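Student: Please show me how to read a helix pair and a chain contact.

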Amino acid sequence: MEIWTVLLIGVLFGVSFYFLLSRNLVRVLLGLLLFGQGVNLLIFTSAGLTTGHAPILDGSGNTPQPVADPLPQALILTAIVIGLGMIGFSLALFRKAREQAGAVDLDQLKED
Amino acid sequence: MSNLLAFPIVIPFFCAALNILVKNGIFRRVLAVVGTAATLAVSIALLTAVEASGVVVLNAGGWAAPFGIVLVADRLTALMVAISACVGFCSAIFSLGDVGSAANRAGFYTFFHILLGGVYGAFLSGDLFNIFVWFEVMLVSSFVLISSGGSKAQIGGGMKYVTLNFISSGLFLTGIGLLYGKAGTLNLADLALKLASPADRETMLPAAMLIFTAFGIKAGLFPLYSWLPASYHNPLPTVSAVFAGLLTKVGVYALIRIFTLVFPLEGTRMADLLLILSLLTMLFGVFGAATQMDARRILSFHIISQIGYMTAGLAMGGLGGLLSSIFYTIHHIAVKTNLFFVAGILEHTSGSGVIGRIGGYWKTRPLFSFLFIVPAFSLAGLPPLSGFWAKLLVLKSALSLGFAVTAVIALFVGVYTLFSMIKIWNEAFLKAPPTGDHPTRRIPLVFFIPVMLLATLTLFFSLIPQGLLSFAEAAAAQLINPTEYINAVLFLSR
């Protein structure tokens, strides 16, 4: 399964960098969004994928079957929350920029 | 005693919470000064604690490393926290005159406290993912501070700042993901043990390069510095002074920490790369400054060129290189913040930061002019000021290790910096004002006190450099031989 997630990560990174190179602010925002998702998926994949196992021990405290590593899940959860805040702020900022410049083009935000 | 480590983080966040609860403007201003003063007192206590026992460790939440998150202070951390607390305290005083009641109502001080808390957190954390979280805390509040005000220039500068820093955080997180996949830990001390052999580090080169790029963007290294001069001259002077003093230096600190502890640079090709980038950073910074006429823009470009000196010290390595890097960083934080304060005062008293349009301060404000000379000539590296000792250390290690080109460029950039400082001096202070009327507006005491305090600190580093030198040398020794750090985190703190 790793090969598919790795390919998906590649696609997400590729698309996000293509968007980030644009001067259109909406595309830049989409690029940032996809970049965040690609990174989260990368953490998840590189820490090792396990199928059908819970990230918890059974009641006796030992591990009879393989367990999923809970740490990357916690890391991604944190990263998703932070990403949400960042995207929310960027969205507000970009909207403000559009109000100021009347356009969604970076070139028009130069100082006069 | 190790609980001391929590206070530089707890105090700012407590103050931020109080700011949200209490709407009274005067209370918020008093709290800013009291809170930063309390952090300063704690940081000095931390400095003495580290001086006594080497490395202080706190297992947050009672989980021992490497499973829980650790806060660690070695000498470098303690030094950085202390100088940052000085900057925080001085900025709080400066903000009393600089931050209007509208900005105060809009919650300026909430983000000010959170920003400082994030900076201290990034210094103190001993866990890579936790460092990422503190970076984000710091960034989100700096996003708000840099784009609040909402003029076109501020929004435009804010956008570049936000986008590039967002990308840098993403690269950092990618590096963290790869590193965790290989090593199964993110605790810095544990990582240093797991990646102890050069062959293991070689396989983690992609992660190392991603983290290097991410910190390089945050520190303002060539060629990824363009966000800095585009955004630093726009916000309130207090904000740009704090940013100029602290934010890029957090990037430098992170570079020093990761690339001495986890990926030692000594003898790798990354060291060469960092040295070349540092030299280009120095050169492009001063060349950029030469074409600018706005005081804060000139100073922004000089942040970049000075960052080059700090990372050049790291790249050259050895005790001398790291010592010069640490000394340079500490000296630079005090000097640069002070110069941004002065630029802010110029803007407040004559309504413009463009040095061609103002002038005449030497005639009517001689004491203030003298207070500009101290940090400005220190930045340029004139003896006997602190910048001279800092540059001397860089030159000394460059010459003793055989980096002749580095030495030449460091000298050239020093001269060029002097040229920029003399440009500001001639235009803003010496020449008669183009409008004919000399600036006669009184400079409020709240502006004078922080400039005076930081100038005194600079003079202290200049005239009695032994104190800082010996402490920085001990800090560099701790970085070169990280056994003490690793033992303190992994074995002694249980």
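Tutor: We take one helix pair, then the contact between chains.

Tutor: This is a predicted model, where local features need pLDDT of at least 70, side-chain atom pairs count only at pLDDT 80 or more, and totals for chains, interfaces and linings use all residues. Residues are numbered from 1 along each chain as its sequence is written, and chains are lettered from A and ligands numbered from 1 in the order in which they are written.

Student: How is the packing of two helices described?

Tutor: Two packed helices are described by the angle between their axes and the distance between the axes. Axes are lines fitted to C-alpha atoms, for helices over the stretch in contact, and angles run from 0 to 180 degrees between N-to-C directions. Here, the axes of H12 (residues 237-261) and H15 (residues 318-350), both of chain B, come within 7 Å and cross at roughly 165°.

Student: Which term fits the directions of H12(B) and H15(B)?

Tutor: H12(B) and H15(B) are therefore roughly antiparallel (angles over 145 degrees).

Student: Which residues of H12(B) and H15(B) meet?

Tutor: Contact means C-beta atoms, placed from the backbone, within 7 Å. Among those that meet are B:Ala244 and B:Ile256 in H12(B), and B:Ile333 and B:Phe340 in H15(B).

Student: How many residues does each chain give to the contact between chains?

Tutor: Chain B gives 24 residues and chain A gives 27 residues. On the side of chain B that touches chain A, H7(B) supplies the largest share, 17 residues. Helices are DSSP runs (H or I, at least four residues), numbered from the N terminus.

Student: What are the box dimensions of chain B?

Tutor: Its C-alpha atoms fill roughly 70 × 55 × 40 Å, along the principal axes.

Key. Helices (H or I, at least four residues) and strands (E, at least two) are DSSP runs, numbered from the N terminus. Angles under 35 degrees count as roughly parallel, over 145 as roughly antiparallel, 65 to 115 as roughly perpendicular and the rest as oblique. Two residues are in contact if their C-beta atoms, placed from the backbone, lie within 7 Å.
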